[in-house]
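This report describes one protein chain for a reader who is beginning to study structure. Please keep the sequence and the three-dimensional view at hand while reading.

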Amino acid sequence: MNKIKVLKLFGVISGAVFVAFGSYGCASEEKSDAYGQFEATETSISSEVPGKLVKYTISEGDRLEQNTRVGQVDTTRLWLQKEELRSRLESVRSNIKSIEAQVEVRQEELALARTNLKRTEALHEDGAATGQQLDNARSNVQTIEKRIRALQTEKRSIRAEIEATRTRIEQVEDQIDDALIMNPVTGTVLTSFVETHEMLRQGQPLYEIANLDTLELRVYISGAQLPSVKLGQHVEVLVDKNAEENQAMDGKVSWIASEAEFTPKMIQTKEERVTQVYAVKVRVPNPDGILKIGMPGEVNFN
């Protein structure tokens, strides 16, 4: 069949279809205002500490609640570090007790030296003590005062070491807490990347999770449509029910781009890709799990 015959045949069929639809008072199928795909905020959960994954209870498709325990990294090395730091802390505490005892002894010596200095000064005024004896008494007081100051400086240094050791213990305890893997958000596990008994690096992704109770349909509208779209506006969302029918759902405009962009390649034809449009997100409740990430959808703003 040549090209002319094909065109003639197509014209006959088109005319028949037009007449058939015309008998029902409808000349063509109505089009939606915008088209796009559903998306969700995907959160990647990573290991906060390195080590062997000794427990992991996650499977793809699992629904997890917030603050659910889902795994455990081996903490043997951390516990040993903590015990070593505790032993060091006790040793440092014993040193400071020894210094405090030395300070008490030096304080008693200083009191005695000051008493002797006063006595020597009185004797020197009466001519009963020489200048050398007075100088020796003063020097003794000054020497003991310097020793006390040195001990007090050492005591402050040990106290600083005690605080540093306590801080280090708290850091190790925090790492031990981080080794307990807790799910931070409510949602459905999309992808799991690890298995039990694997060795983990710090920051290594464990799984991805997203809350699928509400999805967002990202669509693109022209500048002419922009004035009729408002934040918080309730709209009609259409998704495929079957091969021939759509299912209508309620949606709400949650975000409108402030700047225009070129239409993404996967959305429109080559001719339309060069047109600048505005991205819009429509939030759609998904209590029955009908909507899926990447699923196509349509929007009618009026």
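The report moves from the whole chain to its sheets, its cores and a few single residues.

## The chain as a whole

The structure discussed here is a predicted model. The chain contains four helices and 15 strands. It has 302 residues, of which 29% count as buried. The exposed surface of the chain amounts to about 19600 Å², and carbon and sulfur atoms supply 50% of that area. Contacts can also be sorted by separation along the sequence. Among contacts between residues at least 6 apart in sequence, 73% join residues at least 24 apart.

## Two open sheets of four strands

One open sheet is formed by four strands in the order β2-β9-β7-β4, and its pairing is antiparallel. Strands β2 (42-46) and β4 (63-64) stand at the edges; each has a single partner strand, so one side of each is left without a neighbour in the sheet. Strand β4 is joined to β7 (residues 187-192) by two bridges, and these two strands run antiparallel. Within this pairing, Arg63 has Thr188 in β7 as its bridge partner.

Another open sheet of four strands follows the order β6-β5-β3-β8, again with antiparallel pairing. Its edges are β6 (180-183) and β8 (199-200), and because each has a single partner strand, one side of each is left without a neighbour in the sheet. Strand β5 (residues 68-73) pairs with β6 in the antiparallel sense over four bridges. Here Thr68 stands opposite Asn183 in β6.

## Strand β15 and its partners

Strand β15 (residues 296-300) is mostly covered, as four of its five residues are buried. Which strands pair with β15? Strand β1 does so in the antiparallel sense over four bridges, and β11 is joined to β15 by three bridges, also running antiparallel. On the β1 side, Tyr35 stands opposite Glu298 in β15. On the β11 side, Val237 stands opposite Val299 in β15.

## The nonpolar cores

The largest nonpolar core has 21 residues, and those with the most contacts inside it are Phe38, Val237, Val282, Leu291, Val299 and Phe301. Strands β1 (34-39), β10 (214-221), β11 (234-240), β12 (246-256) and β14 (276-285) each supply at least two residues of this core. The largest share, four residues, comes from β10.

Val282 illustrates how residues from distant parts of the sequence meet. Not counting residues up to four places away in sequence, Val282 touches Leu215, Glu216, Leu217, Val235, Val237, Gly251, Lys252, Val253, Ser254 and Val299. A second, separate core of 16 residues includes Val49, Leu53, Tyr56 and Val194.

## Three buried residues

The table lists three residues with their elements and relative accessible areas. A residue counts as buried when this value is under 20%.

| Residue | Element | Relative accessible area |
|---|---|---|
| Thr120 | helix α2 (residues 76-125) | 9% |
| Gly251 | strand β12 | 4% |
| Val219 | strand β10 | 0% |

What lies around each of these residues? Leaving aside neighbours within four places in sequence, Thr120 is in contact with Ala129, Gln133, Leu134 and Ala137.

With the same kind of neighbours left out, Gly251 touches Gln233, His234, Val235, Val237, Val282, Arg283 and Val284. The C-alpha atoms of Gly251 and Glu236 are separated by 6.0 Å, while the two residues are 15 residues apart along the chain.

Val219, again leaving aside its neighbours within four places in sequence, is in contact with Ala34, Tyr35, Gly36, Tyr278, Ala279, Val280, Val299 and Phe301. Between Val219 and Ala279 the C-alpha separation is 5.8 Å, although they lie 60 residues apart along the chain.

## Aromatic rings

How many aromatic pairs does the structure hold? The number is zero. One ring does, however, have a charged group over it: the charged end of Lys281 sits over the ring of Trp255, 5.3 Å from the centre of that ring.

Notes: Residues numbered from 1 in each chain as written. Predicted model: local features only at pLDDT ≥ 70, side-chain atom pairs only at ≥ 80, totals over all residues. Heavy atoms only, no water. Buried < 20%, exposed > 50% of the residue type's maximum accessible area, 1.4 Å probe, protein only. Contact = heavy atoms within 4.5 Å. Areas by Shrake-Rupley, 256 points an atom, 1.4 Å probe, with all protein chains shown as cover. Pairing = 2+ DSSP bridges. Core = buried A, V, L, I, M, F, W, Y, C linked by side-chain atoms within 4.5 Å. Phe/Tyr/Trp six-rings, centres within 6.5 Å; stacked < 30°, edge-to-face > 60°. Lys NZ or Arg CZ within 6 Å of the ring centre and 35° of its normal.
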